[in-house]
Amino acid sequence: MLAQSSILTHVCPKCASPNLERRNYWYPTLGYGDSELACRLCGLLLWPRLDETPRRAYFRWLMDRI
């Protein structure tokens, strides 16, 4: 839980906005839930893994689109 709260204090890697919003999703049919980080200013959506920072998740997001 501490790691999740520290991620929310990081700045957005795209626009340097000070706060990221965590959105939780639950899929009852699959019995699975996940969360994403969203920038409140530019709208960037990231699905970070447990061991990566928002900046690293953004880099992975960019590489997926190339």
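Contact here means heavy atoms within 4.5 Å. The model on display is predicted, and the tour below proceeds from a loop residue to the sheet, then to the core and a helix.

**Stop 1: Ser17.** Select Ser17, which lies in the loop between helix H1 (2-7) and strand S1 (20-27). Is Ser17 buried or exposed? Its relative accessible area is 8%; because the cut-off for buried is under 20%, Ser17 counts as buried. Next, display its surroundings. Leaving aside residues up to four places away in sequence, Ser17 is in contact with His10, Val11, Cys12, Cys39 and Leu41.

**Stop 2: the sheet.** Select strands S1, S2 and S3. These three strands make an open sheet in the order S1-S2-S3, with antiparallel pairing. S1 and strand S3 (45-46) are the edge strands, each pairing on one side only. In general, the strands of a sheet pair through backbone hydrogen bonds, in a parallel or an antiparallel manner. Now restrict the view to S1 and S2: the two run antiparallel and are joined by eight bridges. For one particular pairing, select Glu21 together with Ala38 of S2, its bridge partner.

**Stop 3: Trp26.** Remain on strand S1, where Trp26 is located. The relative accessibility of Trp26 is 57%, so this residue counts as exposed. When residues up to four places away in sequence are not counted, Trp26 touches Gly31, Tyr32 and Gly33.

**Stop 4: the nonpolar core.** Which residues make up the largest nonpolar core? Select Cys12, Leu20, Leu37, Cys39, Leu44, Leu46, Ala57 and Tyr58, eight residues in all. Strand S2 (32-39) and helix H2 (54-65) each contribute at least two residues to this core. Two of its members, Cys12 and Cys39, will be familiar from the first stop, where both appear among the contacts of Ser17.

**Stop 5: helix H2.** Select H2 and place a distance label between its end C-alpha atoms, which are 17 Å apart. At 1.5 Å a residue, the 12 residues of H2 should span 16 Å, and the two values agree. Then colour Pro54, Ala57 and Tyr58, which are the buried residues to inspect in H2. Why do they fall on the same side of H2? They cover an arc of only 100° around the axis, which places them on the same side of the helix. Finally, turn to the other side of H2, where Arg55, Arg56 and Phe59 are exposed.

Conventions
Residues numbered from 1 in each chain as written. Predicted model: local features only at pLDDT ≥ 70, side-chain atom pairs only at ≥ 80, totals over all residues. Heavy atoms only, no water. Core = buried A, V, L, I, M, F, W, Y, C linked by side-chain atoms within 4.5 Å. Buried < 20%, exposed > 50% of the residue type's maximum accessible area, 1.4 Å probe, protein only. Helix = DSSP H or I, 4+ residues; strand = E, 2+ residues; numbered from the N terminus. Expected span 1.5 Å × (residues − 1). Arc of directions from axis to C-beta. Pairing = 2+ DSSP bridges.
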